[in-house]
Structures are given as structure tokens and as C-alpha cells.
Protein chains: 2
Amino acid sequence: MTQKLARRMDRLQASPVRDILAVASQPGMISFAGGLPATDALPSIDSVSIDSASLQYGASEGDQALRKYVANDLQQRGFDVDENRVLIVSGSQQGIDLVAKLIVEQGTCVAVESPTYLAALQMFTLFGAQYVPFSIDALQSEVPGVTLEDVLDSELLYINPTFQNPSSTVYTSTQRRTLATLCDDEEILLFEDDPYRELYYESCDRQPVCSMLRRTSWVYQSSFSKTIAPGLRLGYLTCSANLYPHLLKLKQAADLHSNRISQSLLLTLVNDPLDSLRLQEARASYRAKRDSFNSLLHQYFDSLATWEVPVGGLFYWLTLKTPVPIDTRLLLQDAIDAGVAFMPGEPFFIDSTQAKGHLRLNFSHAPVELFEQGLAQLSSIIAIACQQAADSCQKP
Amino acid sequence: MTQKLARRMDRLQASPVRDILAVASQPGMISFAGGLPATDALPSIDSVSIDSASLQYGASEGDQALRKYVANDLQQRGFDVDENRVLIVSGSQQGIDLVAKLIVEQGTCVAVESPTYLAALQMFTLFGAQYVPFSIDALQSEVPGVTLEDVLDSELLYINPTFQNPSSTVYTSTQRRTLATLCDDEEILLFEDDPYRELYYESCDRQPVCSMLRRTSWVYQSSFSKTIAPGLRLGYLTCSANLYPHLLKLKQAADLHSNRISQSLLLTLVNDPLDSLRLQEARASYRAKRDSFNSLLHQYFDSLATWEVPVGGLFYWLTLKTPVPIDTRLLLQDAIDAGVAFMPGEPFFIDSTQAKGHLRLNFSHAPVELFEQGLAQLSSIIAIACQQAADSCQKP
């Protein structure tokens, strides 16, 4: 039988991430597809005991000791907040769900970078968002297709200014200040997603734009998935005082509260001096992997694509050098058949037809000794596709 | 500044549960308010090691071994499903969020029992539900205010047929069969919430109504919060084949996947023969607490209220014997000042003015040796309120 569903369901696309990750986790696959930490960067959790308090229901805000730890961290990043303005969420994907419920309904204008994080697009779209493209470069000069007036009229501006997923771009200090001033002057609600901030490999400005705001409403979130472990499913958000009671009620309605066992394990980990050493080692290891990956990209992709070396985060963002853009989704099956997975660029764009032949390649998860095999395979498949594209252009 | 929010936020009420639980957890408070397991009924989790797989991202459906365990359990309850029709959720509150997103939009007719679980009302209301009252008794005889035709026109029927929260009622075998036939014949989407099923103290029919359906769409969910531990934040749902892909996408969009550490701990627990012993002991302990509570209710409340002894679940549902119904929310502060917390009945009704002076009293969590002190205090406060109500009725 056909069941009548809410109209929003017509807009819900399966995330390609889900399908690709299922394939990427098959034995023998070399995966550059996901954004997974390296297995050896994960903490060891041995011989732990779970206290009975962690087994009971808890506060929707999250456990107080963990919120205090987060508040202290946020203060060091320039936020004037205490633990009563911190909400522990079940991964930062849940933060996107809560903010979407708070703001987005049928026809709400949401300004986003394009490309942007695809699962944010998925959730905003579910609730009926209409998109306006935003580019930080448009604050200083004109960018084709981006009109700042449209951004000023949006109900929400979602950004990922530090090591963006997928492009790994990072805003300069000037860009951060200019954007904060614009948001304050124009009363734009800023939603800043900052999960990659601790994965920096060069020095750069990482001050949250939200920490510079003085008047407008804002939500800032980050995650423990990239620095500690995704399986904990824990992230946190803070926000302007006017929004906190609403987000807290939405959190309660969504799942009562986040997992207390994870919260307890996390608090133990972050208070362990060895754990900050683990993060330093992960950063060093990821930096080395990034550099190895770059050398191999030069070896195999110099004639095929352009890219920037990421200053932080987990991804290379390649732009193919074809006379006309290739839909990289069409290359995926061949790549998987050859034992290598990547993430096509199209789903990261408001309108996938705006994509210009991009691939997102993760360098943190696959073992470094498999990089060359994976990139060699991938370059062969792409070389064929590029050649076919060139040939078809030359035909009358 | 005033931030423009989505219109649905006008409908989001803070759940009174949240506020009351915060008070109820204060030191020294005797709490009959929440639905918490007894601390000594919780499992002991000592010296566990968390494998690295549990620290990584996982499947949105949940871990396969846990889904297999759940599917086997569901088959024993009469469901014709395997693990590919099981979705692990972050507590059954999340199941309500997912089903609400799937079905409920502005003006959607949702049939619910009244009283019913208040956090389901909270979530359906957020998405714009209009309510139609449903009573299982209306299937066999007329019930004032309940018209079966309205129920047949609803998009969704939400029920809690086994040890309902708050009233602890349980459907008879005939009622279950009659309702299943009605839903099949009229193609009503049935959403059955079954978190208390394992907490039975007398024999009674507990077969899920959804397991008897043959044609219509349905969602069935249960929880590990009441039988293992709420802090795990794990529940599960199964549904008709047509709905599963939608609910899976919604789950992914909501929080990617549920906590893997909890899933791993849970699987170890449910496969431990000692754990089924723990559940048997919890059941025996709750039965004894239920009986002690009943004796004390007779001692202190015989002149003040009526109630049924619950066959299962965690609650007594009292109806005060006043000439006009008392708003029990107005008694709460006095009770808290006297060191005892309870749950007022009003928030469980579609329209709180329909409440007839009810209190929901939990008997599982407070230590049995504090029952008398708590109930004596509460009866004094209620006796005064009843006397005031009687006096005001006698005034000209």
C-alpha cells in the first residue's frame, strides 16, 4: 500500500555518504571517501567501570562536569559563556537537526557556502529551506552568482570557516572580522560549524567568528568525533542567550539527553594528560599523511587536476582539468570496482549542476602504505574519463 | 534582540517532566515523579574494554549483531521481520521524533489516547498535529467525546497498549485483535509504543497489536531504558516494509547513527545469562514495591482517591475524589516543599482541562523504606486541597 507521508519527505534525499561509506567499509577497499579518523589515532579504552549514575536518565543539557570542561575551552576561544550556555548533543549532526527545527520551515532562506557540508543541506532541505549562495570572498569583491543583498535577507547563514568540509578552506583573520561585523550590523543569525578546528597542520587564525559577535543571534558547534572518537556520538553547541532555552527544549524532545556512558568516558579522557599527547600525535601523523598524499597527487594527478594543500582538516578537494566539467558521480562505480572509494563533489553543492568536476579525497583514514595503490588506480580511471571528455568536445 | 523562529516553535512547550525531574533529583527529595528504574536494578558494568570498531563511525541502522538479537526477539513476539527491518534508535524518544517527521505536518490528524505519553504529544504538537481522542473502549461501546469516525480519518494512531504511561492500562486479547482488524480494514497507520512490556507482575496478554497487522502500515518500538539502563539511550523500532527506508534516512539525518559503545555494551549484557536473572530479580523487586505502595495507598489515600493496581509498568494513576476536579499542578510546589515529588496528570491529556484530578505516582525508583514518609506527606497536602475544594463548592 502507499502511505501518505508528510510533504517534507519528498525533499529527503538519501545521503550519498551513507551509501558510499557502506561500500567503503568492505574488506580490501582503499577508502578516501569518508571523514574517519585513523584507527591508530583513536584512544584506548580498557578496563573501565561505568558508575550507576551514568546508567540512569540524565539532564537534557548534558552532564555538568562535561559542560564545565567545554565552557572553559570555549572561554579560551574567546566566548563569554559558562556551562549554563553549553548543550551536549549526540554528535554535531544533531546540532544541525536542532537548529533546522528552530529556524527552518517551508520557504525559509538559508545562506550557505557552495560547496558546503552535504548533511547540513540534507537537513535544511528536509524542513523546506530555499538556498542563497554565500561566499566569504564576496565580502571584498564580486563573486559570480553570489549577491550579498540576498545573503542579508536570509534567516540563517551556515558556515564552516575553519578547514571546511569539503574544500578545506580557512577564513583569514580579516574575513572573520569583516563577517562578524556584517552579521552584527545586519542582524544575520550565524550558525558556525567547527568540527575540524583541532586538526591544524600549519598556524592560521582559527578564532570562531561567533566569538566576535556582540549583538546578533548565533549558534556555534563543534564535535568530539574528529579529536577523540566518532563512536562516542558527542558534540556540543553554545549560542546567544536568546536561543539557548529553545534549543534545550528541542534537544529534550529529540532524545531526552545524550548518552551518559560516553559523556563519562569522554570526561575521563579529556582530563587525562596522555590524551592531549594522543591528539598531538594524531595531528603529527595526519600532517605526515597529508604530505605523503600531496607528493603522490603530484605524481599521479598533475596533468589531471588542481588542488590546494589543506592547512587543516581531513580532505583534499580536487578540481579536474577537463574542458567541460565531468559528473564525478559517474566515475564512482569504476573506482569501486577497482578497489578505491572517493567522494564525488556534486552532493556538496546547492545545485549539483554547479559542480565543476570535483573529488573530495580523505587522507586520514587509509593506511599510508596504500595511498599510492589507491591514487594510481583512481588516476587511471580519471585519465580515461578526462580523455573521453576531451574527445567528445572535439567532435563536431 | 528578538530572533524570528520557525512557527512550529510557538507550539513547543517545555516538558514538565524536565523541570520536575530536575527538582526530583535534589538530595533528600522522595521522588514518585519520574519513570526511573531502581538503582539496584541497573546492571554492573565493570572492567570493560571498548574495541576500536566501537569508537569509529557506524551504520545508521545500528550494529548488525544487535539488530539480529532484536529481530530474534521480535520474531518471538510474532513479528515476521529480520534484522534488515530493525532500526536502532537513540532511545524511543528518538523513534517518536522520526515518526513525527515522517508523518506529521501542520494540520495532520493524529489519534491518541487521552491521557497518553506526554513527550509524544510534545513532539507531534511541534510538527503541527491536530488531535483526535481515541479510546480502546470505543471499539465496543460508546465513549463520551470519542467518535470512531474521526479516528478512522486520522493519518496516524499512536497507542501504548501494554502498561500505558501514565495510566498503566493494558489492552485485553479481544481489544488487541479488534484494533488490529480495524487498522487493517481502514488502513490506519498504527504507531505502537511498547517500552514497559517486560515489566509485568501478573500474567496478561502482551502481544504487540502491530504483530497482528497484515495490510496496513505500522511502526512498533520498544526501549532498553526500562529493562537494562536509561543511560545507554538505546531503543529500537521495526515497521512495515514501505516505511523502513524513509525512517532509516531520517535516522541518518538526525544523528548519523546511535552510540556504538552503548550498542556493544548492550549486546554483551543481553547475551549474558546473568542479565536475564537481573531482569527477573528487578521484576520481583518491582512487584514487591508495587504491593507495598498499594498497602500504603490504602492507608493514606482511601478517602482521597481511587486507583487500580497496575498489572505491569512503573506507575499508579490516582483519580482524586473531589466534587470538582483539582488542577494537580497547583499541588506540586507544596509537595516539593514538603520533600516529595509527583507527576501531575494534566500534561498527559490532549487538553489539560479534560483532566479530572489525576496524579501519576512512580513506585520503582524511591527506596521502599521512604514510601510511607512520602505518601503520608503527599496525602496531607492533598487532603487540605480536597477540603478546600469541598468548602468552595459549598459556598453559595
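## Exercises on a four-strand sheet and its surroundings

Trp317(B) stands opposite Arg360(B) in β14(B). Strands here are DSSP runs (E, at least two residues), as are helices (H or I, at least four), numbered from the N terminus. Two strands pair if DSSP finds at least two bridges between them.

This is a predicted model: local features need pLDDT of at least 70, side-chain atom pairs count only at pLDDT 80 or more, and totals for chains, interfaces and linings use all residues. Residues are numbered from 1 along each chain as its sequence is written, chains are lettered from A and ligands numbered from 1 in the order in which they are written, and side-chain values use heavy atoms, with hydrogens and water left out.

**Exercise 1. Find the strands that pair with β14(B), and place them in the sheet.**

Step 1. Start with β11(B), residues 315-320. Five bridges link it to β14(B), in the antiparallel sense.

Step 2. Turn to β13(B), residues 343-344. It runs antiparallel to β14(B), with two bridges. Here Pro344(B) has Leu359(B) of β14(B) as its bridge partner.

Step 3. Add β10(B). Two bridges pair it with β11(B), again antiparallel. Ala305(B) is matched with Leu320(B) in β11(B).

Step 4. Read off the order. The open sheet has four strands, β10-β11-β14-β13 in chain B, with antiparallel pairing. β10 (305-306) and β13 of chain B are the edges; each has a single partner strand, so one side of each lacks a neighbour in the sheet.

Step 5. Recall what holds such strands together. Strands of a sheet pair through backbone hydrogen bonds, either parallel or antiparallel.

**Exercise 2. Decide how well β14(B) is covered.**

Step 1. Fix the cut-offs. Buried means under 20% relative accessible area, exposed over 50%, and partly exposed in between (1.4 Å probe, protein chains only).

Step 2. Count. The strand spans residues 358-362, and five of its five residues are buried.

Step 3. Split by face. One side carries His358(B), Arg360(B) and Asn362(B), the other Leu359(B) and Leu361(B); both faces are covered.

**Exercise 3. Compare Asp275(A) and Gln280(A): buried or partly exposed?**

Step 1. Locate them. Asp275(A) is in helix α10 (residues 273-301) of chain A. Gln280(A) is in α10 of chain A too.

Step 2. Check the area. Asp275(A) has a relative accessible area of 8%, so it is buried. Gln280(A) has 46% and is therefore partly exposed.

Step 3. List neighbours. Leaving out residues up to four places away in sequence, Asp275(A) touches Pro43(A), Ile228(A) and Leu269(A). Contact means heavy atoms within 4.5 Å.

Step 4. Look across the chain. Gln280(A) and Leu199(A) are 81 residues apart in sequence but 9.2 Å apart in space, C-alpha to C-alpha.

**Exercise 4. Spot the unusual backbone.**

Step 1. Know the rule. Most residues other than glycine have a negative phi, and most peptide bonds are trans.

Step 2. Find the cis bonds. Ser114(B) to Pro115(B) is cis, with omega near 15°. Pro115(B) lies in the loop between β4 (109-113) and α5 (118-126) of chain B. Asn165(B) and Pro166(B) are also joined by a cis peptide bond, with omega about 20°.

Step 3. Find the positive phi values. Glu187(A), not a glycine, has a phi of about 50°. Its loop lies between α7 (173-186) and β7 (190-193) of chain A. Leu256(A), not a glycine either, has a positive phi of about 65°.
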